[in-house]
Each structure stands twice: as structure tokens, then as C-alpha cells.
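Reader: I would like a close look at one part of this model, the surroundings of a charged side chain that ends up away from the surface. Please start there and work outwards through the contacts, pairs and backbone details.

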Amino acid sequence: MGYLKTKIANKYFNDKKHVTSYIILKVIKTLMRSGKFEKFYKILIEGAKKSVIYLRENYQIKINIIDLIVKIVTYLGTFCDVKAVRASGRRVFVPAPLRPQRKIMVAIYFLVHGIFNCHEKYGYPLSRAIREELVLLYFQRTNSEAFQKKQEFIRNIFYNEKHLRFLKGL
């Protein structure tokens with residue numbers, strides 16, 4: 001797992017190996033509680049294996065774990081974020097594009113939030129909550145907790161879109 005702990009630069013985002021290791025590292029680091037890196041790595045892999053097996057048995061979909069996680073993170077990625085700007089003597093929030101690293105981090109935040117909501121809401125063990133969220137997100141269902149969080153985030157962006165008129169003179 002030493003390769004997961006390396007930093008990634010912008011030039012490596014075209015290489016699939018570096019992007020997938022970066023995504024897995026960020027998922028594990030956001031799942032971590034009190035430094036139990038190995039424990040949550042095993043839980044994540046166990047939940048992802050269960051979701052791959054579930055997809056293979058019930059829907060005859062052959063996909064590996066890495067491709068499943070990468071597909072879900074790219075699906076959950078948003079196109080922009082809100083940024084605070086001072087205009088006309090007051091602070092307004094305006095939409096701003098996201099860097100690739102930030103886009104991945106926001107998507108992972110939605111995924112982890114959805115996993116923990118599923119864990120708390122339905123009382124599933126963490127590995128089953130991971131399986132449920134990954135399967136729902138693979139089929140792009142709107143009843144997923146992570147998708148609900150993404151929709152709330154996008155509503156916030158479009159709510160603040162009206163402030164763009166203050167920036168015409170800047």
C-alpha cells in the first residue's frame with residue numbers, strides 16, 4: 001500500500017493508474033477514523049468486492065473493483081463550486097470551476113457521506129452500506145444518499161447564480 005501514500009501532480013491525471021491510486025487513497029483517508037488506515041482499507045475492499053459479486057450474480061455485469069470506484073467517483077463529480085468574492089462592497093458567492101483534484105475530493109465527500117448516512121439510517125454494517133451505495137450509484141439511481149447530497153450541492157450553486165450580475169463590471 002506504499003504506492004497509495006504518494007502525492008499526485010496535475011500531469012499524472014491522464015494516467016489511469018495514478019488517478020485510481022489517488023482516488024482510493026482519498027476514499028480511505030476520508031473513511032478513516034482515529035488513524036485506523038488498514039481497518040478501513042479492508043472494509044472498503046470488502047464492501048467493494050461484495051458489490052462486484054452482487055452485480056455479477058444478479059445483473060451479469062463484469063466489472064472490477066477499481067473500475068467500479070472510478071466510474072462512481074466520475075459520476076458524482078460536479079462541474080463547479082461556489083466561491084466568495086467581494087463586489088460592490090459586499091461578499092457574494094459565485095460559481096467557479098473546479099480543479100481535477102478538488103472535483104475528485106468533492107465526489108469522494110459525497111460518496112463517504114452517502115455511505116455513513118446509509119449506515120446510520122438503515123443500521124447496516126459498514127461493508128453492506130458500502131455495497132448498497134456502490135450498487136445504487138452504479139445504476140445512477142436517485143434514491144442513493146450520495147446522489148441526494150450531490151443534488152443539494154448543485155441546488156446551492158444554482159441558488160447563488162443570481163449574484164453573477166454583480167461581477168459584470170469587474
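Author: Lys149 counts as buried, because its relative accessibility is 18% and the limit for buried is under 20%. The model is a predicted one. Lys149 is found in helix α6, which covers residues 145–159. Leaving aside residues up to four places away in sequence, Lys149 touches Tyr109, Phe110 and His113.

One of these contacts, Phe110, leads to a helix packing. Phe110 belongs to helix α4 and is among the residues there that meet α3. The α4 side of this contact consists of Ile104, Ala107, Ile108, Phe110 and Leu111, and the α3 side consists of Ile72, Val73 and Leu76. By class, the residues of the contact of α3 with α4 are eight nonpolar, no polar and no charged.

The geometry of that packing can be given in two values. Two packed helices are described by the angle between their axes and the distance between the axes. For helix α3 (residues 65–76) and helix α4 (residues 100–122), the angle is about 105° and the axes are 8 Å apart. The two helices are therefore roughly perpendicular, since the range for that term is 65 to 115 degrees.

Helix α4 also takes part in a charged pair. Side chains of opposite charge can pair when their charged atoms come close. Arg102 forms a salt bridge with Asp81, and their closest N and O atoms are 3.8 Å apart. This pair links distant parts of the chain, with Arg102 in helix α4 and Asp81 in strand β1 (residues 80–87), 21 residues apart. The two partners fall into separate accessibility classes: Arg102 is partly exposed because its relative accessible area is 38%, while Asp81 counts as buried because its relative accessibility is 14%.

The structure holds six salt bridges. One of them is a pair within a helix: Glu46 forms a salt bridge with Lys50, with the closest N and O atoms 3.4 Å apart. Glu46 and Lys50 both lie in helix α2 (residues 37–59), and their separation of four residues is about one turn of the helix. Glu46 counts as partly exposed at 37% relative accessibility, and Lys50 is partly exposed at 35%. Another salt bridge joins Glu132 to Arg131, where the closest N and O atoms are 2.6 Å apart. Through shared partners, salt bridges join Arg128, Arg131 and Glu132 into one network.

Next come the aromatic rings. The structure holds seven aromatic pairs. Tyr54 and Tyr59 form one that is edge-to-face, with 6.1 Å from centre to centre and 70° between the planes. Tyr54 is partly exposed at a relative accessible area of 26%, and Tyr59 counts as partly exposed at 37%. Tyr138 and Phe139 form a second edge-to-face pair: their ring centres are 5.2 Å apart and their planes are at 80°, and the term applies because the angle is over 60 degrees. Tyr138 is buried, with a relative accessible area of 15%, whereas Phe139 counts as partly exposed at 26%. Ring pairs link these residues, Tyr54, Tyr59, Tyr138 and Phe139, into a cluster.

That leaves the backbone. Most residues other than glycine have a negative phi, and most peptide bonds are trans. Gln60 is not a glycine, yet its phi is positive, about 55°. Gln60 has its place in the loop between α2 and α3. Gln60 counts as exposed because its relative accessibility is 63%, and the limit for that class is over 50%. Gln140 is also not a glycine and has a positive phi of about 55°. Gln140 lies in the loop between α5 (126–138) and α6. With a relative accessible area of 44%, Gln140 is partly exposed.

Back at the starting point, helix α6 is the element that holds Lys149, and the loop with Gln140 is the one between α5 and α6. The contacts of Lys149 include Phe110, and Phe110 in α4 is also among the residues in the contact with α3.

How values were computed: Residues are numbered from 1 along each chain as its sequence is written. Side-chain values use heavy atoms; hydrogens and water are left out. Axes are lines fitted to C-alpha atoms, for helices over the stretch in contact, and angles run from 0 to 180 degrees between N-to-C directions. Angles under 35 degrees count as roughly parallel, over 145 as roughly antiparallel, 65 to 115 as roughly perpendicular and the rest as oblique. Contact means heavy atoms within 4.5 Å. Ala, Val, Leu, Ile, Met, Phe, Trp, Tyr, Cys and Pro count as nonpolar, Asp, Glu, Lys and Arg as charged, and the others, Gly among them, as polar. A salt bridge is a side-chain nitrogen of Lys or Arg within 4 Å of a carboxyl oxygen of Asp or Glu. Buried means under 20% relative accessible area, exposed over 50%, partly exposed in between (1.4 Å probe, protein chains only). Rings of Phe, Tyr and Trp (its six-membered ring) pair if their centres lie within 6.5 Å; planes under 30 degrees apart count as stacked, over 60 as edge-to-face and the rest as tilted.
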